[in-house]
Amino acid sequence: MDDMTTNPAIRKMTGAEMVVQAMKDHGVEHLFGYPGGAVLPIYDALFQQDAVQHILVRHEQGAGHAAEGYARSTGKVGVMLVTSGPGATNAVTPLQDALMDSIPLVCITGQVPTSLIGSDAFQECDTVGITRPCTKHNWLVKSVEDLAEILHEAFHVATSGRPGPVVVDIPKDVQFATGTYTPPQMSRAASRYHPRVDADRARVRAAVELLASAKRPVFYTGGGVINSGPEASRLLREFVARTGIPVTSTLMGLGAYPASGENWLGMLGMHGTYEANLAMHDCDVMMCLGARFDDRITGRLDAFSPNSRKVHVDIDPSSINKNVRVDLPIIGDVGHVLKAMLEAWNELGLTMDTGALAEWKGQIARWKARNCLAYRQDGDIIMPQHAVKRLYELTRDRKTYITTEVGQHQMWAAQFYGFEEPNRWMTSGGLGTMGYGLPAALGVQIAHPDALVIDIAGDASVQMTMQEMSAAVQYEAPIKIFILNNQYMGMVRQWQQLLHGNRLSHSYSEALPDFVKMAEAFGGVGLRVEKAGDLDGAIREMIDIRRPVIFDCCVANLANCFPMIPSGRAHNEMLLPDEATDEAVANAIDAKGKALV
Ligand SMILES: Cc1cc2nc3c(=O)[nH]c(=O)nc-3n(C[C@H](O)[C@H](O)[C@H](O)COP(=O)(O)OP(=O)(O)OC[C@H]3O[C@@H](n4cnc5c(N)ncnc54)[C@H](O)[C@@H]3O)c2cc1C
Ligand SMILES: Cc1ncc(C[n+]2csc(CCOP(=O)(O)OP(=O)(O)O)c2C)c(N)n1
């Protein structure tokens with residue numbers, strides 16, 4: 001008897017059917033896609049089932065960011081399906097975005113038939129060549145007999161170890177051909193790629209002993225804690241509670257430790273808090289958990305935390321010593337490592353030097369008193385920080401997910417929206433992709449239909465993927481697009497003002513669309529607020545609308561985002577709100593219209 005008669009899961013089917021079957025077998029409930037000639041067999045197979053729901057986006061970039069939002073907010077893999085040629089090239093930005101932010105993404109691309117590959121066929125492009133540097137791995141499937149195994153491997157690689165995007169490029173004849181489908185449990189993928197998750201015990205012990213000996217310790221946490229899953233956040237909270245050690249996070253790790261937690265220092269880095277950055281600079285032991293010493297964090301490398309001993313916990317060995325040399329690397333999943341650290345802490349009966357820790361916290365309290373996120377809200381003109389703060393206050397008691405675009409509004413969101421839980425914050429950190437937030441919000445809303453999903457946006461960024469409002473309307477996804485409309489590419493303008501002699505070269509958003517009318521044109525709802533006194537009422541109105549909303553929040557045009565460590569400077573060379581008062585900044589609150597150059 002052959003396998004097919006003994007195991008009913010092994011079946012003959014077409015390549016297109018295998019794609020859908022593999023999705024079902026890997027628990028995929030939603031995929032984001034856009035059809036075209038080279039994927040029509042797969043679309044046909046999708047048509048004939050209803051286990052996997054297809055969400056039709058309006059541009060393949062939107063499919064990718066929606067899948068990213070879906071993945072980040074659920075902890076599951078995001079799946080996208082695009083056609084060959086322009087479908088695949090339009091997917092490149094979200095693939096690179098997912099690679100840099102460690103988001104698990106499976107991208108299925110159609111390809112011209114195998115007999116035409118290399119002939120400049122209609123809508124042919126070298127998808128595996130183009131996506132090789134922006135994926136964790138990619139495959140061109142040359143035979144239908146290889147397809148099932150490749151699909152299982154793709155899901156395994158995307159979700160194991162350091163998560164990331166993968167591409168499976170499937171020529172049209174392979175989709176039509178019939179072959180043998182073997183289920184995931186018969187796949188050899190897991191034996192070929194099995195990244196280490198459990199840490200070396202001796203290193204874990206050495207790390208906790210080092211921590212216990214510290215006088216000025218700090219936890220530097222990152223996106224890896226989110227990647228590891230909610231248990232890692234729980235263990236982090238337990239470890240912080242046990243030791244009393246102050247904790248900061250990168251942009252990507254927000255929510256792993258609660259913003260209301262008593263040991264919270266705020267975000268660190270270029271736009272991080274004064275206290276977080278100075279704690280990093282002056283600490284004697286730094287425990288890095290799932291963060292990658294990005295340049296937005298380190299600033300000037302030779303001045304980065306000069307006197308600390310550094311422990312680096314990371315699942316990806318290639319992250320270790322990449323930017324900063326560390327004293328004690330630990331390879332493993334941060335959740336597993338935290339569990340082992342807590343066990344070792346207890347077994348060894350360790351305690352912190354409470355006197356030294358109290359002194360360190362006293363120093364941190366003095367830095368905190370500097371009130372580095374201060375801004376002035378008086379009068380009618382809405383300060384952007386105030387808008388985010390009010391949004392936070394009025395939504396904090398709900399199940400709220402925040403996505404962002406890229407720019408000042410993104411940093412204000414990170415600074416002023418207090419995240420209490422992991423997986424509630426979706427932002428493009430590594431690539432900094434304008435246009436990420438709206439489609440990401442769509443993906444989040446599809447995964448969490450009853451939640452409040454808000455894209456905190458900028459007037460420039462939101463125009464990059466605005467077309468996905470149409471998808472939101474189609475799928476009755478009541479996303480809220482909260483635009484901090486300053487009529488500028490604010491972050492660009494800020495850099496031009498502070499670092500390029502205030503020459504505001506092409507950063508004014510000339511000819512902005514009427515966002516209210518635009519929302520209405522899409523079939524959504526538009527709201528506009530111009531006065532601070534009207535803000536709360538309008539936010540409440542927005543929350544209650546169960547349809548997609550664009551909220552045009554007109555804010556002070558020239559407000560700047562502080563603190564700011566200018567590129568290449570050290571942590572202790574930070575610009576604070578009242579230290580950067582050149583005339584334009586001082587006038588920011590009153591400025592409307594063109595810049596006061
Ligand atoms: C305009 C702008 C301004 C910015 N300013 C700031 C700023 O002020 N501050 C800031 O923090 N960022 C800022 N960023 C974001 C910044 O560019 C980086 O994206 C961010 O700092 C990287 O975060 P991370 O180190 O947590 O790494 P991630 O990119 O989240 O990487 C996670 C790390 O953890 C590892 N990992 C993954 N999974 C696991 C696991 N299960 N277990 C263990 N390890 C794991 C990975 O291998 C990787 O090394 C800004 C971005 C933009 C666009
Ligand atoms: C696709 C893309 N192009 C260009 C940039 C460079 N960039 C970073 S922030 C920014 C301006 C963003 O303006 P806006 O969306 O209005 O947000 P604001 O900074 O005003 O809050 C630009 C152009 C980018 N990050 N992404």
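This note goes through the predicted model point by point, from its annotated spans to its strands and ligand sites.

1. **N-terminal annotated span.** UniProt, in an unreviewed entry, lists residues 13-129 as "domain: Thiamine pyrophosphate enzyme N-terminal TPP-binding". In the model this span is 44% helix and 19% strand. Its end C-alpha atoms lie 29 Å apart.

2. **Strand 7 is enclosed.** Strand 7 covers residues 165-171, and seven of its seven residues are buried, so the strand is largely enclosed by the rest of the structure. The cut-off for buried is under 20% relative accessible area. Both faces are covered. On one side sit Pro165, Val167, Asp169 and Pro171, all buried. On the other side sit Val166, Val168 and Ile170, also buried. Note that Asp169 is on this list of buried residues.

3. **Partners of strand 7.** Strand 5 (residues 105-111) pairs with strand 7 in the parallel sense, over seven bridges. In that pairing, leucine 105 stands opposite proline 165. Strand 6 (residues 137-140) also runs parallel to strand 7, and four bridges join the two. Here histidine 137 stands opposite valine 166. The connection from strand 6 to strand 7 passes through helix 8 (residues 144-159). This β-α-β crossover is right-handed.

4. **Ligand 1: shell.** How many residues surround ligand 1? The count is 37, and the closest are Gly223, Thr250, Leu268, His271 and Asp314. Helix 12 gives the most to this shell, with four residues.

5. **Ligand 1: polar contacts and cover.** Aspartate 314 places a polar side-chain atom 2.5 Å from an oxygen atom of ligand 1. Aspartate 294 has a side-chain N or O atom 3.4 Å from an oxygen atom of the ligand. Valine 334 uses its backbone: a polar atom there is 2.9 Å from a nitrogen atom of ligand 1. On its own, ligand 1 has 990 Å² of accessible area, and the protein covers 96% of that. The elements giving two or more residues to the shell are helix 12 (223-228), helix 15 (295-298) and helix 19 (408-416).

6. **C-terminal annotated span.** A second UniProt annotation, again from an unreviewed entry, reads "domain: Thiamine pyrophosphate enzyme TPP-binding" and covers residues 406-553. The span is 37% helix and 17% strand in the model. Its end C-alpha atoms are 17 Å apart.

7. **Six-stranded sheet.** An open sheet has six strands in the order 16-15-17-18-20-19, with parallel pairing. Which strands are at the edges? They are strand 16 (425-426) and strand 19 (525-529), each of which pairs on one side only. Strand 19 runs parallel to strand 20 (residues 549-554), and five bridges join them. Within that pairing, leucine 527 has phenylalanine 551 of strand 20 as its bridge partner.

8. **Ligand 2: shell.** Which residues are closest to ligand 2? They are Gln408, His409, Gly432, Ser461 and Gly490, within a shell of 17 residues. Helix 22 gives the most to the shell, with three residues. Helix 19 and helix 22 (490-499) each supply at least two. Helix 19 is also listed among the contributors to the shell around ligand 1.

9. **Ligand 2: polar contacts and cover.** Serine 461 has a polar side-chain atom 2.6 Å from an oxygen atom of ligand 2. For histidine 409, a polar side-chain atom lies 2.8 Å from an oxygen atom of the ligand. Glycine 490 acts through its backbone, where an N or O atom lies 2.7 Å from an oxygen atom of ligand 2. The protein covers 76% of the 590 Å² of accessible area that ligand 2 has on its own.

10. **Glutamate 520.** This residue is in helix 23 (residues 515-522). Is glutamate 520 buried or partly exposed? Its relative accessible area is 49%, so glutamate 520 is partly exposed. The cut-off for exposed is over 50%. Phenylalanine 47 is 473 residues from glutamate 520 along the chain, and their C-alpha atoms are separated by 31 Å.

Note on methods: Residues numbered from 1 in each chain as written. Chains lettered and ligands numbered in written order. Predicted model: local features only at pLDDT ≥ 70, side-chain atom pairs only at ≥ 80, totals over all residues. Heavy atoms only, no water. UniProt positions renumbered as here; feature names shortened; annotations may be inferred. Buried < 20%, exposed > 50% of the residue type's maximum accessible area, 1.4 Å probe, protein only. Pairing = 2+ DSSP bridges. Right-handed = clockwise from strand over helix to strand, strands pointing away. Near = heavy atom within 4 Å. Polar contact = N/O pair within 3.5 Å; in protein donor to acceptor, adjacent residues only side chain to side chain. Areas by Shrake-Rupley, 256 points an atom, 1.4 Å probe, with all protein chains shown as cover.
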